[in-house]
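Please look through the structure below with attention to its metal site, its nonpolar interior and one buried side chain, which the paragraphs after it take up in turn.

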Amino acid sequence: MIEARAITKRYKDGTLALDGVNFTLNKKTTSIIGRNGAGKTTLLRILSTQLLPTSGTASINGLDVVKAAQDVRNIIVSIPQESKPINYLSPLDNVVLYLSARRMRMSEAKEAAEKAIKTVGLWKVREKISDELSGGMKRKIFVAMAIASKSDVVFLDEPTTGLDPLSRIEVWSAIKAIKGQVILTTHYMEEAQALSDDVLMMDKGKILSQGKVGDLLKPFKGKVRVESTKKKSHSYKVGNTYISYIGKNEAEASVMVGDIIKPITLDDLFIKRGVELEY
Amino acid sequence: MNLNIRYILAHGWFTGLAAIKSSYYYIIANLCLPLSLLFVVGVLSHGELLPYALAGGLVSMMVTNSIQSAGELTQFRLDDRHQDLIIATKTGPLDYMFGEMLGSFEWSIPSILLYLALDMSYHLLTPYNLVMTMAVCILVTVATLSLVFSILSFVKYTRKSWAISMMLSTLLTVIAPTFYPYTYIPKSVLFVLAILPSTPAAVLEQGLFGLEPMSWLMLVILLAETVVYLFIARYVARWREN
Ligand SMILES: Nc1ncnc2c1ncn2[C@@H]1O[C@H](COP(=O)(O)OP(=O)(O)OP(=O)(O)O)[C@@H](O)[C@H]1O
Ligand SMILES: [Mg+2]
């Protein structure tokens, strides 16, 4: 279980990245969503003892991330945003090196690494240098680290950014193989939907909402999303597109040439809240 | 202090001996400068200063490899986020740096062997100065890597770190008395240059090889720099940021 109480982070240059954040995370997998600069990475780095908060407290399974940082480090794995494997080492060696940082015995580390490399589907390329792997394979190395660590809590910052749809699905199943509690950030709403039932939505350093995907989408019940190039009443302007949310039947009756009707996803929550905040 | 020996050994192995196969061309590239200068110094001095370029060349090579390792740590911090990954484990900055130092030393082994063979062919090697030379190599690796790591820790972009590494490389390997007798320069200049670990290291090598008077003061300076630079590196390592 992860608890944050009034976490604030102001960087040295004055940027207020987190503004009094409160939450409790106790589901198997939680997705943190939010626009670029919302504070997701800052939050994850504070929770995983890489960055100090300016004020406030946070704990992981009852251990304070500042006062008991060393104990926290025993039970967490944190995969940074855009982290890359050491390019001249093989997937297996990358995982073994990481496990040795976790003070695992070499023989035990090798065994755990091999098993995890198998689980994430990298067995065939386990001896190749990472430079020769595809982007998806590289990301899977980090998921393998998380699996092999057998730790209680795993933080993954944008684990699938930049991957093609198939690789993404492969990484998802690797993430599902992680035994501990998983906290991940993502810009892909279908990813949040596929992997987690607890979603934390952030904007400008604040938590906008938290809950199950279904609960968060309740305001959209019975509605569809209509994308149009022309302005409609109660529409949100995103770029040159006007988006409105109307009842399914009404949408079908009033559809105009060029309009696109789509089912509701977490994207819509995002569009609605994001756009509201923007204007 | 509770060092993570397992990590130090693993990091050393993976960035050291294990990396030789995939990055051997860097070993050759890093030998180009000291061996070229050995040639130039030899030609210009009609062979007379060749032993100096042998004594200093080894130091120069160790220093180049250490600077490269410090550069690698910068890449680990800024590009690969490997440092961030490690911070969230119970491995500390000293483990991390010692691992890279061990790797740097292991990685230098082929070049060390080459220099020792050359030294031997010029009858410069005795069991005593072999042992002392190894000690100097270790100290200069720790001191240089710490110094350069500290300087590079203020860099925010890898791009910049390349420029700084190149500059430091020249300062440490060419300006310092690695390729000329240290007695050729005024004492005052020598002591200014002594803030670069390659200076005391090269002076010691010239003394050990019987080329110039031995200066034990330089051993004290090298030891002090090793400790002080390591201490500084530990505190500017950006381990857990504010
Ligand atoms: N080291 C830093 N120094 C100063 N400001 C920073 C630093 N890191 C992040 N910020 C700022 O803090 C805010 C939050 O950044 P953060 O990286 O946490 O966002 P994010 O939600 O992870 O964004 P993204 O989706 O783009 O990864 C941004 O305004 C960012 O510019
Ligand atoms: Mg981020």
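In this predicted model, A:Gln81 has a relative accessibility of 21%, and because buried residues must fall under 20%, A:Gln81 counts as partly exposed. A:Thr41, at 25% relative accessibility, likewise counts as partly exposed. These two residues are the protein donors of the magnesium ion (ligand 2), A:Thr41 through OG1 and A:Gln81 through OE1, at 1.9 to 2.1 Å from the ion. The pair links distant parts of the chain, with A:Thr41 placed in helix 1 (residues 40-47) of chain A and A:Gln81 in the loop between strand 6 (76-79) and helix 3 (91-101) of chain A, 40 residues apart.

Turning to the interior, the largest nonpolar core has 113 residues, and the members that touch the most others are A:Val95, A:Leu99, A:Val143, A:Leu156, A:Ile175 and A:Ile178. Helix 3 (residues 50-78) of chain B gives the most to this core, contributing 14 residues. A second, separate core holds 26 residues, including A:Ala4, A:Ile32, A:Leu47 and A:Val153. As for A:Val95, its contacts beyond four places in sequence are with A:Ala113, A:Ile117, A:Ile141, A:Ala144, A:Met145 and A:Ala148.

In chain B, B:Ser198 lies in helix 9 (residues 198-208), and it counts as buried because its relative accessibility is 0%. The side chain of B:Ser198 reaches the backbone oxygen of B:Leu172 at 2.6 Å. B:Leu172 is also among the residues that B:Ser198 contacts once neighbours within four places in sequence are left aside, the others being B:Val59, B:Val63, B:Val140, B:Ala176 and B:Thr178.

Conventions. Residues numbered from 1 in each chain as written. Chains lettered and ligands numbered in written order. Predicted model: local features only at pLDDT ≥ 70, side-chain atom pairs only at ≥ 80, totals over all residues. Heavy atoms only, no water. Core = buried A, V, L, I, M, F, W, Y, C linked by side-chain atoms within 4.5 Å. Buried < 20%, exposed > 50% of the residue type's maximum accessible area, 1.4 Å probe, protein only. Helix = DSSP H or I, 4+ residues; strand = E, 2+ residues; numbered from the N terminus. Contact = heavy atoms within 4.5 Å. Polar contact = N/O pair within 3.5 Å; in protein donor to acceptor, adjacent residues only side chain to side chain. Donors = N, O, S within 2.8 Å, 3.2 Å for Na, K, Ca; no water.
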